[in-house]
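Good morning, colleagues. I would like to take you through one structure today, beginning with a single residue and widening the view from there. Please have the sequence and the model in front of you.

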Amino acid sequence: MSMSNPFFLIMLLVVVVFVMVAAVIRRYRRCPSDKILVVYGKTGGGSAKCIHGGGKFVWPIIQDYAYLSLTPISIDANLTNALSKQNIRVDVPCRFTVGISTESDSMNNAAERLLGLSANEIQELARDILFGQLRLVIATMSIEEINSDRDKFLEAISKNVEVELKKIGLRLINVNVTDIKDESGYIEALGKEAAAKAINEAKVSVAEQDKFGEIGKAEAVRDTRIRTSEANAVAVQGENTAQIEIANSNASRRQKEAEALRVAVAAEKVQQARALQEAYAAEREAELARAERERSTQQANVIVPQEVEKQRIVIEAEAEAERARVKAKGEADALFAKMEAQGKGSFEILTKQAQGYDKMVQAAGGDANKAYMLLLLDKLPELVSTQVEAVKGINIDHVTVWDNGTKGEDGKGSTANFISGLMKSVPPLGDLFDLAGMNLPQYLGSKKEAPATAEAVVEKPEE
């Protein structure tokens, strides 16, 4: 490919520009909020340039970069045998919290003295500074000041420590001093003395307060009784005055309410009358309009449909009459056929019965009475069954009769009368034959013999 080719030159230029842009982008460094960006090398002023927040372009070859962490560092500084102003050795356990400062001068000091150190190395360096300044502060203060005035003690520590820490780019975030102890027990003695003094002062104060309390209580009871009486008197007087004012106010209020109610009722009645008058007038107009509308509606919806309905009814009536005539004719034909069939059936039944009776008389040798007897014997089971059905519903489990032996007007005893009445309650066989239009045969007994038989059955045990 020829170097003079315009397309090749353009592609080469694009590639070069792309590589340069990528290199520039890769050399731009952004600084997180919890770090300090330190650019060192040829910075145009000083040994390093510190940036907190934002970003910085780091030139290749002539510049490089590193980060300093702003994470707080906790340091235990448990100082022992420190000599106080009173030449009393004390133990001061403390915990300091330090961190790299974001001030311009302090960041440069940190970049020069702490860049490249680990967190433990920075912690050891700060601990040596803290121990020295803590001893210096304790040497300038008495035990009483250290133990009682903690604010002054902490202020002195912060003031001395801040100056020294700033030299290496650190700042004091917090200091926490726990219990201070000494070898001679001076602090403990001071505590006991203060406690005893406080207890005694408290006892005196309690006694004084008790005295003042009793006096005040008596005076308060006196004042309470006096003021209560005065207040009760004033209250009664005030209540009476208030009740009078309330009564006057209620009377005035009721009078005004009555007047207002009268005016309101009158106005309301007038307005109601006017409203009713207007409503009646409007209703009259509405009724007239509705009547006219109803008249038109009736003409359109009632008269015309009734004419149509009249024609429909006439047509349906004619059709119904025709159907009735056809149906009546069919029913008459069916009834005639039915009656004709029933007549033929009855004729056949009676003919067969007459033939049967004729054969029965012939079998009896032409004697009609004998034929009658044979027919009666054939119906006898049905008659007996009917008589049994008459007494089947009478349930007599046990009958006890006390008879004193006396006889009635007919000469019969009470037991005979009971049995006779019981037998009479059963339809006699002769009556059944009478109802059937027949005579009971002589060998079956007669109606007159049945009661005698019943009396004989009853009177037989009396003999």
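Let us begin with Ile 25, which counts as exposed because its relative accessibility is 58%. Ile 25 sits in helix α1, which covers residues 6-26. Its C-alpha lies 8.5 Å from that of Phe 57, and the two residues are separated by 32 places in sequence. I should say at once that what you see is a predicted model.

For contrast, please turn to helix α3, where Arg 127 is found. Is Arg 127 buried or exposed? Arg 127 has a relative accessibility of 15%, and the limit for a buried residue is under 20%, so Arg 127 counts as buried. Which residues does Arg 127 contact, once its neighbours within four places in sequence are set aside? They are Ile 75 and Asp 76.

Helix α3 also brings us to the second largest pocket. Helix α3 (119-139), together with strands β5 (63-69) and β7 (89-100), is among the elements that each supply at least two residues to its lining. The space in this pocket comes to about 160 Å³. Its lining includes Leu 68 and Ser 69, Gly 99 and Ile 100, and Ala 119 and Ile 122. Also in the lining are Thr 71, Ile 73, Leu 114, Gly 116, Leu 117 and Ser 118. By character, the lining has seven nonpolar residues, five polar ones and no charged ones.

I turn next to the aromatic rings. A search of the whole structure returns one aromatic pair. The partners are Tyr 65 and Tyr 67, with ring centres 5.9 Å apart and planes at 80 degrees, so the pair is edge-to-face. In general, such a pair is described by the distance of the centres and the angle of the planes. How accessible are the two partners? Tyr 65 has a relative accessibility of 26% and therefore counts as partly exposed. Tyr 67, at 32%, likewise counts as partly exposed.

Finally, the protein as a whole. Its secondary structure consists of ten helices and nine strands. Of its 463 residues, 18% are buried. The exposed surface is about 33,800 Å², of which carbon and sulfur atoms supply 58%. Among contacts between residues at least 6 apart in sequence, 64% join residues at least 24 apart.

Thank you for your attention.

Notes. Residues are numbered from 1 along each chain as its sequence is written. This is a predicted model: local features need pLDDT of at least 70, side-chain atom pairs count only at pLDDT 80 or more; totals for chains, interfaces and linings use all residues. Side-chain values use heavy atoms; hydrogens and water are left out. Rings of Phe, Tyr and Trp (its six-membered ring) pair if their centres lie within 6.5 Å; planes under 30 degrees apart count as stacked, over 60 as edge-to-face and the rest as tilted. Buried means under 20% relative accessible area, exposed over 50%, partly exposed in between (1.4 Å probe, protein chains only). On a 1 Å grid over the protein atoms alone, a cavity is a set of points where a 1.4 Å probe fits but cannot get out, and a pocket is an open set with protein on both sides within 12 Å along at least five of seven lines; lining residues have an atom within 4 Å of a point. Grid points are joined across faces, edges and corners, and a volume is the space filled by probe spheres set on the points. Helices (H or I, at least four residues) and strands (E, at least two) are DSSP runs, numbered from the N terminus. Ala, Val, Leu, Ile, Met, Phe, Trp, Tyr, Cys and Pro count as nonpolar, Asp, Glu, Lys and Arg as charged, and the others, Gly among them, as polar. Contact means heavy atoms within 4.5 Å. Accessible areas come from the Shrake-Rupley method with a 1.4 Å probe; for residues, only the protein chains shown count as cover.
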